[in-house]
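Work through the exercises below with the model open. Try each task before reading its solution.

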Amino acid sequence: MLKAGLTAGVLLASLSVTAMAQDKSVVVYTAHKASIVDALVPKFEKETGIKVDVVKAGSGDIIKRVKAESSAPKADVIWSIGGEQLEDNKDLLQTYTPKEDAAILQTYKVSPEWIPYTGILLVMAVNNKELKPNEYPKTWAELGDPKWKGKISSARADSSGSSFQQLATVLIAYGDKGWDVYNKILANMNLSDSSGAVPRYVNDGEAQVGLTLEDNALDYVKGGGNVAIVYPADGSSTVADGVALVKGAPHAENGKVFIDWLLSKPVQEQLVSEIGRRSVRKDVTGAGLKPISEIKLVDYDIKKVAQHRNEWIAKWKAALQNR
């Protein structure tokens, strides 16, 4: 009887160890472009021994999926989607204070339910082979000129977090005239599925101007492509895209490890030096990037933008149908 009990105990212990081994994973939903995922995920797995299961989709689709799964969550972490989307869906998120929270710049912090991950900046990517510097558009308003019809590439504002940020930036920059300015730009756009694809269209000559994130455009600049960067003279915006723990995450502890790792100084330095993002840490500088002090920025209040998100998306869809 004792032998049987010991055998059962050993079996239970063995099953427990096996379960723990199987649990050494984290499920991450991300809107990041593949190159960033490929640069960071293998490094995290090697350093922590935690396997990352990545689901890549547009920001809007990620939120829809997490909502649909909310009664039985499958994701542990939402990684790199627009802060206003996280702010607008805080009921899906579990508050977590990262280990190095004190190192994060206060200006990027909005709500305890989600954590700033990187500073993202909107730019115009222009084809410097087809356009001369004196032909580059300098402002958002200039993009509404009919001469740009069919020559501007952008992602959809209802599925891309960065493209929604573009919409909000124009509306904030121009106030009461915001929709008039933006609708003229929208009339000239060719829409793509992702912001990350936009500079490729510019580089390949399929578009002369692309509206995208700074780091997406920098990939082509650093690679010697046909892309130059223009910072809109009438105002860009820099906000944090976020990372967050999903409420009811099945591997919450591993999710916390992943979040802490992303916010660590070495990883944030890599995001700046190799990927062109701006760090949310106080102790990491933006070496090689145009100083923020030299870029005109609008007053982009994520909390206020989040309150208007559904309204603005509805207006965007109506404008798209009527253009």
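**Exercise 1.** How do the residues of the lining of the second largest pocket divide into nonpolar, polar and charged?

*Solution.* The model is predicted.
- Step 1: find the site. G60, K64, D158, R309 and N310 lie nearest the centre of the second largest pocket.
- Step 2: take the whole lining, which has 14 residues.
- Step 3: sort them. The lining holds 7 charged, 5 polar and 2 nonpolar residues.

**Exercise 2.** Which helix gives the most to the lining of the second largest pocket?

*Solution.*
- Step 1: list the elements that supply at least two residues each. They are α3 (59–68), α4 (83–88) and α11 (302–322).
- Step 2: pick the top contributor. α3 leads with 5 residues.
- Step 3: check the domains. Domain 1 (25–119 + 239–289) and domain 2 (120–237 + 296–322) each provide at least three lining residues.
- Step 4: add the volume, about 300 Å³.

**Exercise 3.** Describe the largest pocket and its lining.

*Solution.*
- Step 1: start with the space. The largest pocket encloses about 490 Å³.
- Step 2: locate the centre. Of 32 lining residues, A31, H32, K33, S195 and G196 lie nearest to it.
- Step 3: assign elements. At least two residues come from each of α2 (34–48), β3 (77–82), α5 (161–174) and α8 (214–222). The most come from α8, with 4.
- Step 4: sort by character. The lining has 15 polar, 9 nonpolar and 8 charged residues.

**Exercise 4.** Why does the largest pocket lie between domain 1 and domain 2?

*Solution.* Look at the lining by domain. Both domain 1 (25–119 + 239–289) and domain 2 (120–237 + 296–322) contribute residues to it, so the largest pocket lies between them.

Notes. Residues numbered from 1 in each chain as written. Predicted model: local features only at pLDDT ≥ 70, side-chain atom pairs only at ≥ 80, totals over all residues. Heavy atoms only, no water. 1 Å grid on protein atoms, 1.4 Å probe; cavity = no way out; pocket = protein on both sides within 12 Å on 5 of 7 lines; lining within 4 Å. Points joined across faces, edges and corners; volume = space filled by probe spheres on them. Nonpolar A, V, L, I, M, F, W, Y, C, P; charged D, E, K, R; others polar. Domains from an automatic or database assignment.
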